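Colleague: I would like a close look at a single part of this chain. Could you walk me through it and then show me how the surroundings fit around it?

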Amino acid sequence: MKKRLFLLTLAIWAVCSLQAQSEEERYIEVTGTSEIEIVPDKIHYIIEIREYFEEEFDGKSKPEEFRTKVPLARIEKNLRQALSEAGITPENIRTQEVGDYWRKQGQDFLVSKKFDIVLQDFKQIDEIVKRIDTRGVNTMRIGELENKDMLDYHIKGKIEALKAAQRKATYLVEAVGKKLGPVIRIVEDGNMGMGSLFSAQSNVRASDAALFDEFRTIKKSYSVLVRFAITD
């Protein structure tokens, strides 16, 4: 009697397991993606200045003849004057770093200084470029682009990616005469780390920023992997 009861219990368990496995295998797994374009309300514009020799620009002196060094303090004064004329206030100018630049053996160090300038509009870059004296300016580029509502945009982007996954799964299962069931699992794309989510297309020279509008927005891409049940 006990043996029969054991065998009956085992049989019931086996049938239930097979049914559960069968039901679990009736699913579709798809990837949904979305892209959002955001207009930044804070632009970090990076300018690096560096000491130079006046003879570099006379068109005739050779490097070994360079003697008259233009000090960093004078270059910075001219830069700040140009920024002021472009409407940039002192509180929006932050020193990022100071360093030395070795030219050639036997010649002086040339001191450099990098500034992080916070702007609200790309038109301000155009105004800076018009006024700045490029002698003594080593690099100018767009740094990080920000928007105060970035978190809201992230949420919207992920929701749109999830909706895209649902649309894709729906037309796929309907194509084989089935219906889309409830969500079983949602997984954010592991290939997109936080660095990818928060990075912006900002590695651009000043001249490029003044010419190409596509670099004036933050473009974010989102991806989710979703598993849906399939019903009859």
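Which residue in S7 does Lys42 stand opposite?

Modeller: Happy to help! Please keep in mind that this is a predicted model. Lys42 stands opposite Glu146 in S7.

Let's begin with the strand in question. Strand S2 covers residues 42–50, and 8 of its 9 residues are buried, so "mostly covered" is a fair description under a cut-off of under 20% relative accessible area. Strand S7 (residues 137–146) runs antiparallel to S2, and 7 bridges join the two. S2 is also joined to strand S6 (residues 109–119), by 8 bridges and again antiparallel. Within that pairing, Arg50 has Ser112 of S6 as its bridge partner. As general background, the strands of a sheet pair through backbone hydrogen bonds, and the pairing can be parallel or antiparallel.

For the wider setting, the chain comes to 6 helices and 10 strands. It has 232 residues, of which 33% count as buried. Among contacts with a separation of 6 or more, 79% are between residues 24 or more positions apart.

Another part of the chain holds an open sheet of 3 strands, ordered S1-S10-S8 with antiparallel pairing. Its edge strands are S1 (27–38) and S8, each of which pairs on one side only. Ignoring direction, neighbouring strands of this sheet are turned by 35° against each other on average. S1 and strand S10 (residues 218–231) run antiparallel and are joined by 12 bridges; one example is Glu29, whose bridge partner in S10 is Arg227. Helix H4 (residues 150–174) lies across S1, S8 and S10, and it runs at about 145° to S1.

On the edge strand S8 (residues 179–188) you will find Glu188. Glu188 counts as partly exposed because its relative accessible area is 49%, and exposed would need over 50%. Leaving aside residues up to four places away in sequence, Glu188 touches Lys158, Ser223 and Val224. Take Lys158: it is 30 residues from Glu188 in sequence, yet their C-alpha atoms are 8.6 Å apart in space. The side chains of Glu188 and Lys158 make a polar contact at 3.4 Å.

Finally, a helix to compare with the strands. Helix H2 (residues 72–85) has 14 residues, which should span 20 Å at 1.5 Å a residue; its end C-alpha atoms are 20 Å apart, so the expected and modelled values agree. The buried residues of H2 are Leu72, Ile75, Glu76, Leu79, Ala82 and Leu83. These residues cover an arc of only 125° around the axis, which means that they sit on the same side of H2. The general reason is that an α-helix has 3.6 residues a turn, so residues three or four places apart point the same way. The face of H2 turned away from the buried side carries the exposed residues Ala73 and Lys77. After H2 comes Gly87, with a positive phi near 90°.

To come back to your strand: S2 has S7 joined to it by 7 bridges and S6 by 8 bridges, and Lys42 stands opposite Glu146.

Methods:
Residues numbered from 1 in each chain as written. Predicted model: local features only at pLDDT ≥ 70, side-chain atom pairs only at ≥ 80, totals over all residues. Heavy atoms only, no water. Helix = DSSP H or I, 4+ residues; strand = E, 2+ residues; numbered from the N terminus. Buried < 20%, exposed > 50% of the residue type's maximum accessible area, 1.4 Å probe, protein only. Contact = heavy atoms within 4.5 Å. Polar contact = N/O pair within 3.5 Å; in protein donor to acceptor, adjacent residues only side chain to side chain. Pairing = 2+ DSSP bridges. Axes fitted to C-alpha atoms, helices over the stretch in contact; angles between N-to-C directions. Expected span 1.5 Å × (residues − 1). Arc of directions from axis to C-beta.
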